[in-house]
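Please read the following alongside the sequence and the coordinates. The text goes from charged pairs to nonpolar cores, then to a helix and a cavity.

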Amino acid sequence: MISWEPARRFDLPSETPRRWRGLPRWCGALALVALAAVAGHHLAMQNGLARLREAAEHRLDMLATGLDADLARFEYLPALLEMTPIVPALLGAPSDPGLRNAVNRYLEGVNATAGAEMLYVLDPGGTSLAASDWDRPGTTVGQNLSFRPYVIDALGQGKGRFYGVGITSRKPGYYLSYALRRDQSARGVVAVKVNLEESERAWRKLPGHVVLVDQRGVVILATREDLKFRPLWPLDASQRAEVQRSRPYGEAGLQPLPWTPKETLARDVQVVALDGVDQLASTRALRGAPWQLVVLDDLAPVRAGARYAAITASLAMAVLLLIAVTLWQRRRAVRQKLANQAALQAAHDNLESTVIARTAQLRAAQGELVHAGKMAALGQMSAGLVHELNQPLTAMRALSESAGILLDKSRFDDVHGNLQRIRGMVDRLARLTSQLKTFAHKSELQLAPVVLAQAMADAQLIVAEAAKKNATTVEVDVQPPTLNVMAEEAALGSVLVNLMRNAIDAMQAVPRRTLRLEARPQEGRVILRVSDTGPGIPPDILPRLFEPFVTSKPAGTGLGLGLVISAQLVRAMDGTLRAANLPDGGACFVVDLPAAIPNFPHTGVIHK
């Protein structure tokens, strides 16, 4: 039964860990970057807050000192007026118009020198008898101010302080009151109104915002108009009743501010949200009044700087990580390169030894293959051998019978001629069997340096008779004369003799018979050329010239084994044998053998 279930991937368990192998390193790097960002943000935030707090402290010192000075510089006026005879006289005769007019002018002169907004005198019932602004609209003269806290405090305690909106002038100010007594009973009250708007206008020139909060938590002075006369938190019932009675804030609605404390950094420093914007609120209590001076600084620039610091720290950490990874990768690459070089060197050494071993095996196999080829070729020779052996044997039988008949007839010269012919046929059969023995023998030649000129001279001596018989001129040109080759001397001589005999036999039918042997060194090799002036090699035979039983000689004159044996001998000596026809006629056989020793440079060039 064939299952159509998809083939399962058994390598997934090994691929999955590899896929996630780098995840811990990436998570660690991201954690370091995040940690650097958090640390940079925290440090920048702390430094920014510290700078803001320091600047706020300086501003609070300056503002509180100035405001305390403004409040304290008018405290001497009520006591000064008590010592002036005309003021107690008016309190004793409040209905005297002359005294009232004199006190009005006196208060106007004193106030012009002191610089207060208003200076006035009230009777024990809280009604204003005289004032420095008696001749201006909104004056307090004739007004009953007994409900005002500063009047109540002065009559009850001797002194009073109050900040509020004027009943008649509708302008806010700071009120100082002092009871005028006689025999421990209050005869009246002297009050001074101080305008603090000049200080408020000076605050607007400073960075950030400044608010002044009274004892009820209501903003009475501020650099922002929308904050004035608004409490930081809702007033309770008792506070609302008191405000309704004393009317310190005029007709203000007392809508609470969107003030939300968020974080306390120190006793007098906290982070608050005002209108949804985080502010650093630094507070300082005044010495001369129950008020608190608050400096507000926007935290947006500090937080923006902290964000920039976090980004810079994270980028710096990322750069450091990249540098570390680059250095690690470079070090790893160097180690990998060294390991690769060592592995490559080991592989090269192993390959070199393997190549040497394989080369030896190939050479042995080549020898075996050549020998096997020779033995296979012997089977192909059988038909030709029968023909080649039968002809000489038949002729020898006929000649021997003829020699017997001639001997009976005492024709000794003819008998001698038949014996000569029989000896030639025996020599031919000997050469044939020698060639076959050489062809069938497994070649294992011992190579040694051989003087090429001497090998040529020995071969020339062997073929001298044949060359003389065929009127062949032999030319030898070896440069340099001491040229040596790596070869086996007997095998080299056999190749030379075979090539020279073939050349002599090929030139029998031409009028000009010249056999030329020349040799030259070339790039560690020796090029030997054996050329003749014969008719050349037929084109149909040239491609198969080195195959067994291929010959251009007439039937009965050769088996076609000489070139095959010569080519095998040259290959056994690590050389090559090739043949070609010359452009001017004739054949040329080129033998390429290794040089035995470095040879001297030459000027001649052999064209192959």
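A salt bridge is counted here when a side-chain nitrogen of Lys or Arg lies within 4 Å of a carboxyl oxygen of Asp or Glu. The model is a predicted one, and by this rule it holds 20 salt bridges. One of them joins the side chains of Arg224 and Asp226, with an N to O distance of 2.7 Å. Arg224 also forms a salt bridge with Asp275, at 2.9 Å from N to O. Arg224 sits in the loop between strand E7 (219-222) and helix H8 (237-246), while Asp275 sits in the loop between strand E9 (269-274) and strand E10 (277-285), so this pair ties together parts that are 51 residues apart in sequence. As for solvent, Asp226 is partly exposed, with a relative accessible area of 40%, and Asp275 is likewise partly exposed, at 43%.

A further salt bridge lies elsewhere in the chain. The side chains of Arg529 and Glu518 meet at 3.2 Å, again N to O. Arg529 belongs to strand E16 (residues 525-531) and Glu518 to strand E15 (residues 514-522); the two are eleven residues apart, and the pair links distant parts of the chain. Are Arg529 and Glu518 buried or exposed? Both are buried. They also take part in a network of salt bridges that links Glu475, Asp477, Arg516, Glu518, Arg520 and Arg529.

The next topic is the chain as a whole. The protein chain has 608 residues, of which 37% are buried. Its secondary structure comes to 14 helices and 18 strands. Taking contacts between residues at least 6 apart in sequence, 60% join residues at least 24 apart.

Within the buried part, the largest nonpolar core has 46 residues, and those that touch the most other members are Tyr174, Leu196, Leu212 and Trp291. Helix H2 (residues 23-72) supplies the largest share of this core, with six residues. Which residues does Leu196 contact, leaving aside its neighbours within four places in sequence? They are Leu67, Leu71, Tyr163, Tyr174, Leu221 and Trp291. Tyr174 and Trp291 thus appear both in this contact list and among the residues that touch the most other core members. A second core, separate from this one, has 43 residues, including Ala459, Val495, Leu528 and Val530.

Helix H14 (residues 562-572) is mostly covered, with nine of its eleven residues buried. The buried residues are Gly562, Leu563, Val564, Ile565, Ser566, Ala567, Gln568, Leu569 and Val570. Just after H14, Asp574 adopts a positive phi of about 60°.

Last comes the empty space. Rolling a probe the size of a water molecule over the atoms shows where such space is left. How many cavities of 30 Å³ or more does a search of the whole structure find? The search finds one. The largest cavity holds about 50 Å³ of space. Its lining consists of Val165, Gly166, Ile167, Arg170, Arg247, Gly250 and Glu251. By residue type, the lining of the largest cavity divides into two nonpolar, two polar and three charged. Gly counts as polar in this division, so Gly166 and Gly250 make up the polar part of the lining.

Note on methods:
Residues are numbered from 1 along each chain as its sequence is written. This is a predicted model: local features need pLDDT of at least 70, side-chain atom pairs count only at pLDDT 80 or more; totals for chains, interfaces and linings use all residues. Side-chain values use heavy atoms; hydrogens and water are left out. On a 1 Å grid over the protein atoms alone, a cavity is a set of points where a 1.4 Å probe fits but cannot get out, and a pocket is an open set with protein on both sides within 12 Å along at least five of seven lines; lining residues have an atom within 4 Å of a point. Grid points are joined across faces, edges and corners, and a volume is the space filled by probe spheres set on the points. A nonpolar core is a set of buried Ala, Val, Leu, Ile, Met, Phe, Trp, Tyr and Cys residues joined through side-chain atoms within 4.5 Å. Buried means under 20% relative accessible area, exposed over 50%, partly exposed in between (1.4 Å probe, protein chains only). Helices (H or I, at least four residues) and strands (E, at least two) are DSSP runs, numbered from the N terminus. Contact means heavy atoms within 4.5 Å.
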